[in-house]
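The following exercises ask the reader to work through strand pairing, burial and contacts in one protein. Each task is followed by a solution in steps.

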Amino acid sequence: MARPFPQPSPAGGAARAGHLRAAARRSDRSGCPCSRIPGGLRGPPPPQPPSPRPGGQSAGAGPRGPLGVVVSPRGTRCAGPLPSGRRPRRARAAPPPELRQQRTLTSVSRRHGLARTPVPSTGQRGSRLLAMGPLSARLLMQRGRPKSDRLGKIRSLDLSGLKLLSEHLDPKLLSRLTQLQELDLSNNQLETLPANLGLSHLRILRCANNQLGDVTALCQFPQLEELSLEGNPFLTVSDNLKVSFLLPKLRKVNGKDASSTSSQVENLNRELTSRVTAHWEKFMATRSPEEEAEKAQADFVKSAVRNVRYGPESLSEFTQWRVQMISEALVASGGTQVHETGIPERPSKATAAQEPRARPMALKRSGDVSLSLSPSKRGCPSPPAHVEGSPMGSDGSQPALDLEPLHFLQCHSKNNSPRDLETQLWACAFEPAWEEGQAGATSQTVATCGGEAVCVIDCQTGIVLHKYKAPGEEFFSVAWTALTVVTQAGHKKRWSVLAAAGLRGLVRLLHVRAGFCCGVIRAHKKAIATLCFSPTHETHLFTASYDKRIILWDVGVPNHDYEFQASQLLTLDAASIPLRLCPVASCPEAYLLAGCEGGCCCWDVRLDQPQKRRVCEVEFVFSEGSEAPGRRVDGLAFVNEDVVASKGNSLGTICLWSWSQTWVGRGKQSTLAVVVLARLQWSPTKLAYFSLSTCPDEGIVLCGDEEGNVWVYDVRHILTQQPPLPAAPQAPTQILKWPQPWALGQMVTKTMVNTVVANPTFTYLTALTDSNIVAIWKRP
């Protein structure tokens, strides 16, 4: 039964009674919506035959308010059905005149389907109609705390889950919340925040799970102490730094302490200020006195934004934003106040020195640690590599590549323990540079995986930008792609998506910039050894599993809820476990190479063929080394469009062979002998699963070994040399030894380098070990 309304007071007599009688007549004509509710808020009553309604309305047809509660045409809440034939008592105290008019307008707009339709603002009445959208004074009072009939007394307001758009945040309405300290805007569809909301006392703001793409409007909340921005996929690490700069009193971001970010921002500010000052002095020294001052100052700002650089590429948006602010303030002060340019004062706690997120590795590994994590090293230890000499070229004259150690990190530790020297790290991949129109652009951001964590690291600074953990998982492989996502407002955004997979057979699709997992594919019932994206189709993903299957997936593009709906395109059956995947460089849409426990195989992956499940089409045979037990190929990559580097069939060597020369002699054969171009000298170890990689643009082949060494081969002279090539294996151009004790502060015992990868321009080189160390080198 609906709750009785309060009885009217004696004052107001005839006018109020006339108002109530008019309301009763309107209810008689349209049918009281309370009597149309089939069930209360606690659950539906026993089924009853529907009674006829005036105007042909059926039961349950009442409109619903923003909380999912049925609302009558006059805006009254109904907690349950009324007994048949009984009207609610409507005698109540008259509301203020403005609320009476508001309720009448609400009744008219909802009766005619205009509840969410904006009305042109024409005078006072038009503005009130416009306020009858998703937000109204009444809704704010319903959702505000403490309960009050005045907006100025509300201190906490929950506007989450209302599907609000940015234009729904009416500054004139929200500015009446003069005492508001806590605001929840989570789970809406906001792309921006209006710049003039006037909430000067706001201390807590929640904007999780929206579509925000810019944070500069947050500067209007100088008292903000806690902020939540999770689930906004278009925000980047640069936006996190902007937030820290704009809000000097901020203590928590996404539930975490913000002091370390504040310290990073202050360090960046100091360095950028110093560099802008130096650029000012250099720039003004080249200007003639006759040149117009105003033009020279404008040119300086443009020049500073273009030329002043500092920090990792992932922070370039923030640094350019600050450089412009610093240079404009410098110009305005005539070059005299550059050291005071807009750096907000921060509490002393925020300026305290913080421990870096990734600790340098400087611990000794005990010699009796048994490494039994899957996949395990096989065989017994072998004597040290027979190449011990100083770096030199294979022809005796090739100069060594200049590489210097930069960072040694221990960022995959279990429970963040610095004593964890057992977590094995298996794969890494550099994020491609997706920026268009930037010649020679390259990424210095690398993703690494091992144990239960995936880390995204900036190679220049050694900062772990993002870290994703999946308890109970052990990650074996990572791969990057870029997707174009269209927002609900029709804006196109470019996403860098990282796929990670491992022991549990699941593929996790990570939006690393926003820091969350936006999709999980149950790809295989057994562990996934490796995965890779197609170089021609950004949504096509190959996964290779211990179930001896390779599956091609179309991960699709995420919907408005940032969820993926993957579909299976092909299943490729292998005779043994596939360990490495490599689309053929000259025809990636047609053929896929795989290094397997039983050898090197090739599949036809053209999607215009009718069979959706296929067996190996060709198996490649390496004649030499066939006497070795097994024919495992655990390293595979293209050096250029034609030349393949593979490892595993012959002890102590890496084989370079020609795809085109091998394939041309195929005919109808199911087994082909590869056409070997050259062999590279490598460690004679019998241990397996040392992956190799290449830099096609630089002609570089890379591989680690069981002694902690990184073998670097510059093979450009081999690729251009006319046959016949020397039969003897070619020596490496350089071997990077494990750092000396002074490099890390303590003695580090030998460790196995499982994977070595460099970015396309060979500026940064990353090596992963089975003792939980990420090593980064840089070429000056």
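The exercises below concern a predicted model.

**Exercise 1.** Determine the strand order of the open sheet that contains E19 and E20, and identify its edge strands.

*Solution.* Step 1: the sheet is open and has five strands, in the order E17-E18-E19-E20-E24, with mixed pairing. Step 2: strand E17 (528-533) and strand E24 (613-615) each pair on one side only and are therefore the edge strands. Step 3: from one strand to the next, the twist averages 20°. Step 4: within the sheet, six bridges join strand E19 (residues 549-554) to strand E20 (residues 567-573) in the antiparallel sense. Ile550 has Leu572 in E20 as its bridge partner.

**Exercise 2.** Establish which strands pair with E33, and decide whether the residues of E33 are buried or exposed.

*Solution.* Step 1: on the side of strand E32 (residues 700-704), E33 pairs in the antiparallel sense over five bridges. Gly704 has Val710 in E33 as its bridge partner. Step 2: E32 and E33 make a hairpin with five residues between them, and Gly708 in the turn has a positive phi of about 85°. Step 3: E33 also pairs with strand E34 (residues 734-736), again in the antiparallel sense, over three bridges. Here Val710 stands opposite Leu736. Step 4: Val710, Val712 and Asp714 point one way from E33, while Trp711 and Tyr713 point the other way, and all are buried. Step 5: because five of the five residues of E33 (residues 710-714) are buried, the strand is largely enclosed by the rest of the structure.

**Exercise 3.** Assess how far helix H7 is enclosed, and name the elements against which its buried residues pack.

*Solution.* Step 1: the buried residues of H7 are Val237, Ser238, Asp239, Leu241, Lys242, Val243, Ser244, Phe245 and Leu246. Step 2: nine of the 10 residues of H7 (residues 237-246) are thus buried, so the helix is largely enclosed by the rest of the structure. Step 3: the packing partners of these buried residues are strand E5 (226-228), helix H8 (259-285) and helix H10 (316-332).

**Exercise 4.** Describe the setting of Cys655: is this residue buried or exposed, and which residues does it touch?

*Solution.* Step 1: Cys655 belongs to strand E28 (residues 653-658). Step 2: the relative accessibility of Cys655 is 7%, so this residue counts as buried, the cut-off being under 20%. Step 3: leaving aside residues up to four places away in sequence, Cys655 touches Phe622, Val644, Ala645, Ser646, Val676 and Ala678. Step 4: Gln681 is 26 residues from Cys655 in sequence, and their C-alpha atoms are 9.1 Å apart.

Terms used: Residues numbered from 1 in each chain as written. Predicted model: local features only at pLDDT ≥ 70, side-chain atom pairs only at ≥ 80, totals over all residues. Heavy atoms only, no water. Pairing = 2+ DSSP bridges. Helix = DSSP H or I, 4+ residues; strand = E, 2+ residues; numbered from the N terminus. Axes fitted to C-alpha atoms, helices over the stretch in contact; angles between N-to-C directions. Buried < 20%, exposed > 50% of the residue type's maximum accessible area, 1.4 Å probe, protein only. Contact = heavy atoms within 4.5 Å.
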